[in-house]
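Here is a short report for you to read alongside the model. Please keep the viewer open as you go.

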Amino acid sequence: MKRKKSRWQKSGWKVLRRLLLWPLYCILGYWLLALVVYRFVNPPLTPLMVLRSIDQREWVQHQSVGLAAISPPLVRAVIAAEDSRFCQHHGIDFDAVGDALADYESSGRLRGASTITMQVARNVFMWNGGGAVRKIVEAPLALLLDAVWPKRRIVEVYLNIAELGDGVFGAQAAARIHFHKPASALTIKEAARLAAVLPNPIRWNAARPTSYINQRTGIIQNRIGQLGPLQTTCLQLNK
């Protein structure tokens, strides 16, 4: 004969379940609120900005601007460097994922296949690290983001929250600190150099480029020139 659980046992289980589910409810609530609010308002901060501020014991450099106040060459540079099929996929570039898996099978090294949309989903809604668990959550968030936000808005948020230097976030702050000018005045070479440091903005400095960064800058400049209308039409760039 099974022993019935006491009223206190049932009550304790309910309390424990609520304690375990409460953080999940908070996360889901934040995601829903951020998805709606940041569709129209630039994020004032991200989890990564908070972590960088704690590590450095001072607030990071960050300033938000509209996409119209950012040099079109920088928009093209990040597309050329990070996600050349941005206008063609729906948040996840499955062709790039397939290429990355093929490279892994042949070389044993797994290269990244994150799109700009996935990077926005990660930086706005999630955390650094986490490996496979984060990737599993990041993918559906990227698909949702692409469905709810216009492409132009996704790039605008990306260029306002991307780390472009050690503790330097967003195109405007990076342009001011590295080149002493607003983001709207960046040249093609300066834009390509900022895009070149995106993989590791703590190690590399756009104002003091290494030979590798100079080489990568040249490659990105060539890629910018090779971008066709299909790769930029969703961004409605004026020049």
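The sections below go from the whole chain to one helix, its charged pairs and a surface patch.

## Ground rules

This is a predicted model, in which local features need pLDDT of at least 70 and side-chain atom pairs count only at pLDDT 80 or more, while totals for chains, interfaces and linings use all residues. Residues are numbered from 1 along each chain as its sequence is written, and side-chain values use heavy atoms, with hydrogens and water left out.

## The chain as a whole

Let's begin with the secondary structure: the chain has eleven helices and three strands. Here helices (H or I, at least four residues) and strands (E, at least two) are DSSP runs, numbered from the N terminus. Along the sequence they follow the pattern α-α-β-α-α-α-α-α-β-β-α-α-α-α.

The chain has 239 residues, and 44% of them count as buried. Buried means under 20% relative accessible area, exposed means over 50%, and partly exposed lies in between (1.4 Å probe, protein chains only). About 13700 Å² of the chain is exposed, with carbon and sulfur atoms supplying 58% of that area. These areas come from the Shrake-Rupley method with a 1.4 Å probe; for residues, only the protein chains shown count as cover. As for contacts (heavy atoms within 4.5 Å), residues 24 or more positions apart account for 66% of those with a separation of 6 or more.

## Helix 7, an enclosed helix

Helix 7 covers residues 151-161. Ten of its eleven residues are buried, so helix 7 is largely enclosed by the rest of the structure. Among the buried residues are Ile154, Val155, Val157, Tyr158 and Leu159, and also the charged-pair members Lys151, Arg153 and Glu156.

Arg153 is a good residue to zoom in on: it lies in helix 7 and is buried, with a relative accessible area of 7%. Beyond its neighbours within four places in sequence, Arg153 is in contact with Tyr38, Arg39, Phe40, Val41 and Asn42. With Asn42 there is also a side-chain polar contact of 2.8 Å. A polar contact is a pair of N or O atoms within 3.5 Å; within protein, one must be able to donate a hydrogen and the other to accept it, and residues adjacent in sequence count only if both atoms are side-chain atoms.

## Salt bridges

Side chains of opposite charge can pair when their charged atoms come close. The structure holds six salt bridges, each a side-chain nitrogen of Lys or Arg within 4 Å of a carboxyl oxygen of Asp or Glu. One of them joins Glu156 and Arg153, at 2.5 Å from N to O. These two residues are three apart in helix 7, so about one helical turn separates them. Glu156 is buried too, at 15% relative accessible area.

Another salt bridge links Asp146 to Lys151, with the closest N and O atoms 2.8 Å apart. Asp146 is buried at 12% relative accessibility, and Lys151 is buried at 14%. Glu190 pairs with Lys181, the closest N and O atoms being 3.1 Å apart; Glu190 counts as buried at 16%.

## A nonpolar surface patch

Where is Phe40? It sits in the loop between helix 1 (7-37) and helix 2 (47-56), and it is exposed, with a relative accessible area of 62%. Together with Leu32, Leu33, Val36, Val37 and Val41, Phe40 forms a nonpolar patch on the surface, with about 590 Å² of accessible area in total. Patches are made of residues with over 30% relative accessible area and no salt bridge, with like charges joined within 9 Å and nonpolar side chains (Val, Leu, Ile, Met, Phe, Trp, Tyr) within 5 Å.
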